[in-house]
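Open the model in your viewer and keep the sequence panel in reach. The stops below go from one helix pair to the next and end in the core.

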Amino acid sequence: MSESTEINRFNTKKRAMLEALESSLGIVTTAALKAQIDRSSHYGWMKTDNDYKTAVDAINESVLDFAESNLFKLVKDGNTTAIIFYLKTKGKKRGYVERQEVHNTA
């Protein structure tokens, strides 16, 4: 089932919120303002409507994919900050972690 078909299964307010979440890259406050609903409505739907929650989760996964693809572009372009971030998050097994040394003076 396509994402647009899935969105059509919801009532008008939920549909407006899902579309706003897509366009705001998942930022709830921005989307709620755009959809003209209270943020609490969104969170209530997340608790009570499994289909709505599934659609929101799919939007959040798409946003994460988008962010990761842009991070990879920066890494490929040699952006030092992006490379360091990537290594700190994905390279932990290879020792790319920051550690704080704590010395006991007692």
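Which residues in H4 meet which residues in H5? Select His42, Trp45, Met46 and Thr48 on the H4 side, then add Asn50, Tyr52, Lys53, Val56 and Asp57 from H5. Sorted by class, this contact has four nonpolar, three polar and two charged residues. Bear in mind while looking that the model is predicted.

Now show the two helices whole: H4 is residues 39-48 and H5 is residues 50-76. Their axes lie 6 Å apart, at an angle of about 110 degrees. Angles of 65 to 115 degrees count as roughly perpendicular, and H4 and H5 are therefore roughly perpendicular to each other. The crossing of H4 and H5 is left-handed.

Next, keep H4 and bring in H3. The axes of H3 and H4 come within 9 Å and cross at roughly 110 degrees, so this pair too is roughly perpendicular. To see the contact, select Val28, Thr29 and Ala32 of H3 together with Arg39, His42 and Tyr43 of H4. By class, the contact of H3 with H4 has three nonpolar, two polar and one charged residues. His42 is also on the H4 side of the contact with H5.

The last stop is the largest nonpolar core, which has 16 residues. Select Met17, Leu18, Leu21, Ile37, Tyr52 and Val56, the residues with the most contacts inside this core. At least two core residues come from each of H2 (12-23), H3 (28-35), H4 and H5. H5 gives the most, with five residues. Tyr52 and Val56 also belong to the H5 side of the contact with H4.

Terms used. Residues numbered from 1 in each chain as written. Predicted model: local features only at pLDDT ≥ 70, side-chain atom pairs only at ≥ 80, totals over all residues. Heavy atoms only, no water. Axes fitted to C-alpha atoms, helices over the stretch in contact; angles between N-to-C directions. Helix = DSSP H or I, 4+ residues; strand = E, 2+ residues; numbered from the N terminus. Parallel < 35°, antiparallel > 145°, perpendicular 65-115°, else oblique. Left-handed = near helix turned anticlockwise from the far one by under 90°. Contact = heavy atoms within 4.5 Å. Nonpolar A, V, L, I, M, F, W, Y, C, P; charged D, E, K, R; others polar. Core = buried A, V, L, I, M, F, W, Y, C linked by side-chain atoms within 4.5 Å. Buried < 20%, exposed > 50% of the residue type's maximum accessible area, 1.4 Å probe, protein only.
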